[in-house]
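Colleague: I should be grateful for a close look at a single part of this model and at its surroundings. Please choose the part, and explain the reasoning in terms that a first-year student can follow.

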Amino acid sequence: PSAMQALIGYLTRECCNGNPADCGFNAPELSVSGDSSMSEPFKILFLCTGNSARSILAEALMNRIGAPQFKAWSAGSQPKGAVHPKSLALLQSLGYETSGFRSKSWDEFAEDGAPAFDFIFTVCDSAAGEACPVWLGHPMTAHWGIPDPAAATGTDAEISLAFAEAYRQMKNRIEAFTALPLTSLDRMAQQKEADAIGKMQD
């Protein structure tokens, strides 16, 4: 949707009790009734520092598990410039198409024409503590930190296992999030659930 549609959608959810008529205008195309077949997908951005491992895995998982109700992107505050080879190898082994993944700056998503995100999740502690750009639409944010597999040491097999473990932990969080009845939860309840998922015991 356009920035204006996104704004009206936000006002409808937050100020009109989900009913545009309460605010004196009709906007049936912005219905928040919960019929996912008739509404735009929730737009999600996963952030990390390097955008080469955890955030890439999260983007891949959300777009597989959450489609068509969710659409995900990822970015980094200090992108490595290349996706970690172990991330790509793991995703390829699990049947993902990986040609579209790239390590990129979060500044791309603060520019005109960028998606208006509904949720932004940081997946590493350093990114959670950094000053972020101003995001269009005032998306909800939460921290889903997991250990960095790119920092793993040991044999090749041990490092590969660290990436598989990061994938497993992220998958658990994304499955829990996509199972939430988001359209029937108010913003405070959504925030509570998102924060709780970030504290899941793996």
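Modeller: Contact here means that heavy atoms lie within 4.5 Å. In this predicted model, 70% of the contacts in the protein chain with a separation of 6 or more are between residues 24 or more positions apart. The part I have chosen is helix α2, which spans residues 54-65.

Some context for the whole chain is useful. The protein chain holds six helices and four strands. Read from the N terminus, its elements follow the order α-β-α-β-α-β-α-β-α-α. Of the 202 residues in the protein chain, 40% are buried.

Helix α2 itself has 12 residues. From its first C-alpha to its last it reaches 16 Å, close to the 16 Å expected at 1.5 Å a residue. The helix is mostly covered, since nine of its 12 residues are buried. These are Arg54, Ser55, Ile56, Leu57, Ala58, Glu59, Ala60, Leu61 and Met62. The list includes the charged residues Arg54 and Glu59, as well as nonpolar residues such as Leu57 and Leu61. The elements against which the buried residues of α2 pack are β1 (42-48), β2 (70-76), α3 (85-93) and α5 (156-178).

One residue shows this covering in detail. Serine 55 lies in helix α2. Its relative accessibility is 0%, and serine 55 therefore counts as buried, the limit for that term being under 20%. Residues up to four places away in sequence aside, serine 55 touches Phe46, Leu47, Cys48, Ser74, Ala75 and Val123.

The two helices that pack against α2 can now be considered in turn. Two packed helices are described by the angle between their axes and the distance between the axes.

The axes of α2 and α3 cross at roughly 20° and come within 9 Å. Because angles under 35 degrees count as roughly parallel, α2 is roughly parallel to α3. The crossing of α2 past α3 is right-handed. On the side of α2 this contact is made by Ile56, Leu57 and Ala60, and on the side of α3 by Ser87, Leu90 and Leu91. Five of the residues in the contact of α2 with α3 are nonpolar, one is polar and none is charged.

With α5, helix α2 packs at an angle of about 45°, and the axes are 9 Å apart. This angle makes α2 oblique to α5. Here too α2 makes a right-handed crossing, now past α5. From α2, the contact draws on Arg54, Leu57, Ala58, Leu61, Met62 and Ile65. From α5, the residues are Phe163, Ala166, Tyr167, Met170, Lys171, Ile174, Glu175, Phe177 and Thr178. By type, the residues of the contact of α2 with α5 comprise 11 nonpolar, one polar and three charged. Leu57 is named in the contact of α2 with α3 and again in the contact of α2 with α5.

The two partners of α2 also meet one another. The axes of α3 and α5 cross at roughly 65° and come within 10 Å. The helices α3 and α5 are therefore roughly perpendicular to each other, and α3 passes α5 in a right-handed crossing. In this contact, Lys86, Ser87, Leu90 and Leu91 of α3 meet Asp156, Ile159, Ser160, Phe163, Ala164 and Tyr167 of α5. These residues divide into six nonpolar, two polar and two charged. Ser87, Leu90 and Leu91 of α3 thus take part in this contact and in the contact with α2.

The loops on either side of α2 each hold a backbone feature that deserves attention. Asparagine 51 belongs to the loop between β1 and α2. Its phi is near 50°, a positive value in a residue other than glycine. Asparagine 51 counts as buried, because its relative accessibility is 1%. Proline 68 sits in the loop between α2 and β2. The peptide bond that joins alanine 67 and proline 68 is cis, with omega about 0°.

In summary, α2 is mostly covered, and its buried residues pack against two strands and two helices, namely β1, β2, α3 and α5. Helix α2 runs roughly parallel to α3 and oblique to α5.

How values were computed: Residues are numbered from 1 along each chain as its sequence is written. This is a predicted model: local features need pLDDT of at least 70, side-chain atom pairs count only at pLDDT 80 or more; totals for chains, interfaces and linings use all residues. Side-chain values use heavy atoms; hydrogens and water are left out. The expected span of a helix is 1.5 Å times one less than its number of residues. Buried means under 20% relative accessible area, exposed over 50%, partly exposed in between (1.4 Å probe, protein chains only). Axes are lines fitted to C-alpha atoms, for helices over the stretch in contact, and angles run from 0 to 180 degrees between N-to-C directions. Angles under 35 degrees count as roughly parallel, over 145 as roughly antiparallel, 65 to 115 as roughly perpendicular and the rest as oblique. A crossing is left-handed if the near helix is turned anticlockwise from the far one by less than a right angle, and right-handed if clockwise.
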